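Please guide me through the place where the two chains of this model meet, telling me what to select at each stop and what I should find there.

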Amino acid sequence: MTRLLVLWCPDWPVVAAGMAAGLSADAPAVVVSANQVVCANAQARREGVRQGLRRREAQGRCPDLAVLPTDLDRDARLFEPVAAAVEELAVGVEVVAPGVVAVPARGPSGYFGSEESAAERVIDQVATRTGAESQVGVADGLFAATLAAHRGLVVPPGESARFLAPLDIRELADRPDLVDLLRRLGIYTLGAFAALSHNDVTSRFGADAGYAHRLASGLEQRPPSRRRPPVDLSVTLSPDPPIDRVDAAAFIARTLGEKLHNLLASHGLACTRLAIHASTANGEELTRLWRCADPLTPSGISDRVRWQLDGWLRSPTRPSAGITLLRLEPEETVDGHALQLGLWQGGNDEQTSRASRAMIHVQGLLGQEGVLTPTLTGGRSPSDQVTLTPWGDEQTPTTSPDLPWPGRLPSPSPATIPTQRVPATVLDRDGGEVGVTGRFTLTSQPDEVAVAGSTRRVIAWAGPWPADERWWEKDNGRRRARLQVLLAEQSEVDNQDALLLVRENEKWSVEGIYD
Amino acid sequence: MPNLGMLAAAEAGMAVQRIALIPQPGADLAAVVAALLDGFDIVAVAANRIGDQLARKLSARARSRGAALIAVGPWPGAELELTVAHGRWSGLHDGHGYLDSHLVEVRARGRGAAARPRRTTFTLRGETPLTAPSFEHMFDHSSAAISDDTAIRRTP
């Protein structure tokens, strides 16, 4: 088993978010996702803020807490300088996750005399180059080395199982269901779990628990019979024109990820360790190894390509020319049926793939923002109820359309929704403008509507329907009133026009045209 | 068509997750439409100025791919032209009610089998999605049926 030196930056999401927001490092801060604390720094923990706490409760415990959003891309980008600093001292740097890098311990410990002095040098190097706090652990195997890094320990060779035995079972943090089950069975330490027979664990709890059992026993997660893939599985791309912008890099990353994944899938393989090489016209090179516990999906591959290029192109030591060569090399692969779901997901029938090829083609012509796909979301106005996302991005409805939205008009909805504000004038019988009072009643009955210079008579109308949205937020609150009007036809064959008008800030405008 | 109301499309029974929108096709409209015809069964284009030659090329492409090309606006050499006239709304009154149903008269005129101009009226409602049977029903009473390739043919 390889002896690894792992450098761990405590609370990296908070550190990265603080750096991005320009906060000082000793202010209490947390990173939240979906209103739950994902990560808190030491100052926040001292005030009693814990992971998993509700945002409001965290703010209650520590009133001057800085609450920052979660952003995996930002974490990865800002981590790039740390990985580069470690790389100056040791070869074979692997980024495990933003916040954690691993290097084979043999090289640096031989060069600096001992593992302890190598660890010290690495910590100093990272602190002087990037200002980030870090801890180092050395042990056999990645899991033991990562836990050793959390404690700043050097575990002697062959002692990994002894080191892990007294630790809490909850250290298997990415398998909360299994941990919960084991604790209810009375297994509280990794040692107690490791004492069970491997075959029993696998047959009773499944393959994933089997992997966890290997970790707890101080072994590598997967059996060492990993195949080294033949060389021709690498994917090379020479972008023309050279990439020098981040959005172009993201676009390339997606196609490259798909390509590599399909190539591996056709060999029945999936990738667990990926090397990404990039070089520029002026001969600068950047190579990074990405290690992943679970086999990489196409989007996982493209995320890592994007993170790496993003970090490089935005760093102070950014390359002097555009990237002209990109190479993805799978360094370690596992059998593809470990990734059955990822291989078949997304309905790969012939029609879907034909349509996605066409959309990629159009995105190539117009840019990624050129092709949009709609999702229905919740809201009151017809334009709020649809969200457009660039094709290929994840479609996550921000609000559910199934919630009650008081003030939403019943179907049918207007078929034309102006993209720019179209001002309108609504007049009553005496020629004065019709207004809406603070209590949402019309000041007089509408008789004529003028839109874009043409005035037409109103033959029927209904409303106003009030929509008082987000009044609890100081700057986002909107008070609107909607009115449906039916305008008289101009001749016998002409269509009657039905409009949805909205009044906001004392002005009428056309929100939708029913046609 | 950047101002297309997708909510109305969903209410008419379209599966919005199977729709792709290209709001700004840019200067090279023909290349984008040609690429889309390769991948999609139905492509709708809002083109107010398209040359005769280009229109013929795109129509030929659509025919060879088995796709339907729907132009919003005039299209030189179209197989079938549908226009809506005489639209009348009901459901809205003097200060109360909601827009409810839309009675329209659709006029069809085209080439070949559809050369004889014909007209029919039907009612559009929000909640009841337009389905093929409901279409057939609408055209039935005027002794015509609508076939899959959107060309109207006469039934004996």
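Begin with charged pairs across the boundary: in this predicted model, the interface of chain B and chain A holds 1 salt bridge. To see it, select Glu489(A) and Arg88(B), whose closest N and O atoms lie 3.6 Å apart. Polar contacts can be displayed next, and between chain B and chain A they amount to 10 residue pairs, with both residues at pLDDT 80 or more.

Now colour chain B by secondary structure and look at the side that touches chain A, where the elements giving two or more residues are the helices H1 (6-11) and H2 (29-39) together with the strands E3 (80-92), E4 (94-95) and E5 (97-110). Of these, E3(B) gives the most, with 7 residues. If you recolour this side of chain B by residue class, you will find 24 nonpolar, 12 polar and 9 charged residues.

Widen the selection to both partners, and 45 residues of chain B are found in contact with 49 residues of chain A. The area buried between the two chains is about 3800 Å², with carbon and sulfur atoms giving 61% of it. On the chain B side, show Leu7(B), Trp89(B) and Leu99(B) as sticks, since these lose the most area to chain A and together account for 16% of what that side buries.

Finish at the strands, selecting E16 (residues 454-469) of chain A along with E4(B): the two run parallel and are joined by 2 bridges. Centre the view on Trp461(A), whose bridge partner in E4(B) is Asp94(B).

How values were computed: Residues are numbered from 1 along each chain as its sequence is written. Chains are lettered from A and ligands numbered from 1 in the order in which they are written. This is a predicted model: local features need pLDDT of at least 70, side-chain atom pairs count only at pLDDT 80 or more; totals for chains, interfaces and linings use all residues. Side-chain values use heavy atoms; hydrogens and water are left out. Contact means heavy atoms within 4.5 Å. Buried area is the accessible area (1.4 Å probe) that two parts lose on being put together, summed over both. A salt bridge is a side-chain nitrogen of Lys or Arg within 4 Å of a carboxyl oxygen of Asp or Glu. A polar contact is a pair of N or O atoms within 3.5 Å; within protein, one must be able to donate a hydrogen and the other to accept it, and residues adjacent in sequence count only if both atoms are side-chain atoms. Helices (H or I, at least four residues) and strands (E, at least two) are DSSP runs, numbered from the N terminus. Ala, Val, Leu, Ile, Met, Phe, Trp, Tyr, Cys and Pro count as nonpolar, Asp, Glu, Lys and Arg as charged, and the others, Gly among them, as polar. Two strands pair if DSSP finds at least two bridges between them.
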